[in-house]
Amino acid sequence: MRQCPPDHNPEITMPIRPLFLAAALILAPTLHADDGTTLQQAADARNQADYAQARALYDTLAAAGNARAEARLGQMQLAGELGSKDDAAALAHIQKAAEAGDGIGQYLLGSAYQRGNGVEKDPAAAQKWFTAAAQTLPQAAAHNDAEAQFILAILYLNGQGVGKDDAQSRQWLEKAAENGNASAQNLLGNTLLADNAQENKRAAVNWLKKAAAQGHSVAQNTLGDLYKNGRGVIANPSTAAEWYRQAFESSGKAAAQGAVMAQIQLAEHYYYGTGTDVDRDKAREWYQKAAAQGSDKAKQALQTLNP
């Protein structure tokens with residue numbers, strides 16, 4: 001499966017019930033083939049910012065007891081993709097998924113404790129949930145679950161629940177990218193861009209194009225930058241403009257539905273005039289929408305716009 005968790009900074013407001021942790025550490029639910037197909041359909045819809053369709057599919061699976069769908073519903077609510085951020089409802093889904101043994105849900109709970117999003121920071125609790133995720137995810141990853149592979153890559157990259165291991169991280173990242181995970185493709189592309197070898201820059205562009213084809217607006221915007229500046233490709237202003245246009249449209253579609261990161265991206269398009277004309281008033285409007293949902297990045301941007 002090539003499901004793709006978008007990047008976010010979850011903010012949790014409900015207390016975590018630790019009584020279920022021991023059981024969650026040993027539970028590792030496997031996905032039925034039909035569930036896997038439906039999860040992929042939901043992930044594809046989400047990649048294209050068809051959040052209503054993604055939610056409908058996840059709701060159906062969650063009602064039937066699918067823990068991965070619970071985790072994804074929580075993540076969508078944290079990201080504002082269901083109209084606005086709803087941290088309490090998000091935690092209810094994520095906690096249920098984690099307690100049922102889903103590695104993605106466990107990772108999200110660990111992130112909440114690590115960052116102190118809606119709960120007091122608790123490094124010990126964060127480590128327990130990251131460890132649970134690191135123990136749970138390999139089973140799914142071994143069966144080509146691309147989103148499990150991607151989160152494993154992140155755990156190894158950051159040393160969360162496992163020892164930091166760049167080689168293991170890169171291995172799982174490549175597997176996730178090869179299995180079609182758009183976030184993995186974007187991260188792998190950016191990782192390869194940092195390498196000076198020309199063949200790696202060409203590979204980077206190819207991975208970014210794969211992510212962009214799935215509607216990954218950050219990858220689309222990066223491609224605009226590459227073609228504008230001639231980095232890894234021959235500079236081509238018209239191609240750069242086309243990638244910026246696609247990024248602007250992707251961000252706009254998601255932002256209009258409440259996605260916080262997309263609202264920030266859309267504001268930046270208006271601020272810098274990429275994919276659209278420069279319009280500082282519209283930039284301010286979208287930063288304000290993101291700030292109203294708690295985005296610190298948007299609040300900082302508004303300070304710059306409103307000295």
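Helices (H or I, at least four residues) and strands (E, at least two) are DSSP runs, numbered from the N terminus. The model is predicted: local features need pLDDT of at least 70, side-chain atom pairs count only at pLDDT 80 or more, and totals for chains, interfaces and linings use all residues. Residues are numbered from 1 along each chain as its sequence is written, and side-chain values use heavy atoms, with hydrogens and water left out.

**Exercise 1. Loops and phi**

Task: Find the loop that holds N144, and state the sign of its phi.

Solution:
- Step 1. N144 is found between helix 7 and helix 8 (146-158), in the loop.
- Step 2. Its phi is near 65°, a positive value, and the residue is not a glycine.
- Step 3. For comparison, most residues other than glycine have a negative phi.
- Step 4. With a relative accessible area of 43%, N144 is partly exposed (buried means under 20%, exposed over 50%, partly exposed in between; 1.4 Å probe, protein chains only).
- Step 5. A49, also not a glycine, has a positive phi of about 60°. A49 sits in the loop between helix 2 (33-47) and helix 3 (51-63), and at 7% relative accessibility A49 is buried.

**Exercise 2. The length of helix 4**

Task: Check the span of helix 4 (residues 67-79) against its number of residues.

Solution:
- Step 1. The expected span is 1.5 Å times one less than the number of residues.
- Step 2. For the 13 residues of helix 4 this gives 18 Å.
- Step 3. The end C-alpha atoms are 19 Å apart, which agrees.
- Step 4. Look at the two ends. At the start, a side-chain oxygen of N66 comes to within 3.1 Å of the backbone nitrogen of R68. Just after the helix, G80 has a positive phi of about 80°.
- Step 5. As for cover, 13 of the 13 residues of helix 4 are buried.

**Exercise 3. Aromatic pairs**

Task: Classify the pair F248 and Y270, and say which helices hold the two residues.

Solution:
- Step 1. Rings of Phe, Tyr and Trp (its six-membered ring) pair if their centres lie within 6.5 Å; planes under 30 degrees apart count as stacked, over 60 as edge-to-face and the rest as tilted. The count by this rule is three aromatic pairs.
- Step 2. The ring centres of F248 and Y270 are 5.5 Å apart and the planes are at 90°, so this pair is edge-to-face.
- Step 3. F248 lies in helix 13 (residues 237-255) and Y270 in helix 14 (residues 260-272), so the pair ties together parts 22 residues apart in sequence.
- Step 4. F248 is buried, at 17% relative accessible area, and Y270 is buried, at 10%.
- Step 5. Y271 and Y272 have ring centres 4.9 Å apart and planes at 80°, so their pair is edge-to-face. Y272 is exposed, at 58%.

**Exercise 4. Charges over rings**

Task: Which ring lies under the charged end of R280?

Solution:
- Step 1. A charge sits over a ring if NZ of Lys or CZ of Arg is within 6 Å of the ring centre and within 35 degrees of the ring normal.
- Step 2. The charged end of R280 is over the ring of Y271, 3.8 Å from its centre.
- Step 3. K289 lies over the face of W286, 5.3 Å from the ring centre.

**Exercise 5. The whole protein**

Task: How many helices and strands are there in the protein?

Solution:
- Step 1. The protein has 16 helices and zero strands.
- Step 2. Of its 307 residues, 51% are buried.

Methods: A polar contact is a pair of N or O atoms within 3.5 Å; within protein, one must be able to donate a hydrogen and the other to accept it, and residues adjacent in sequence count only if both atoms are side-chain atoms.
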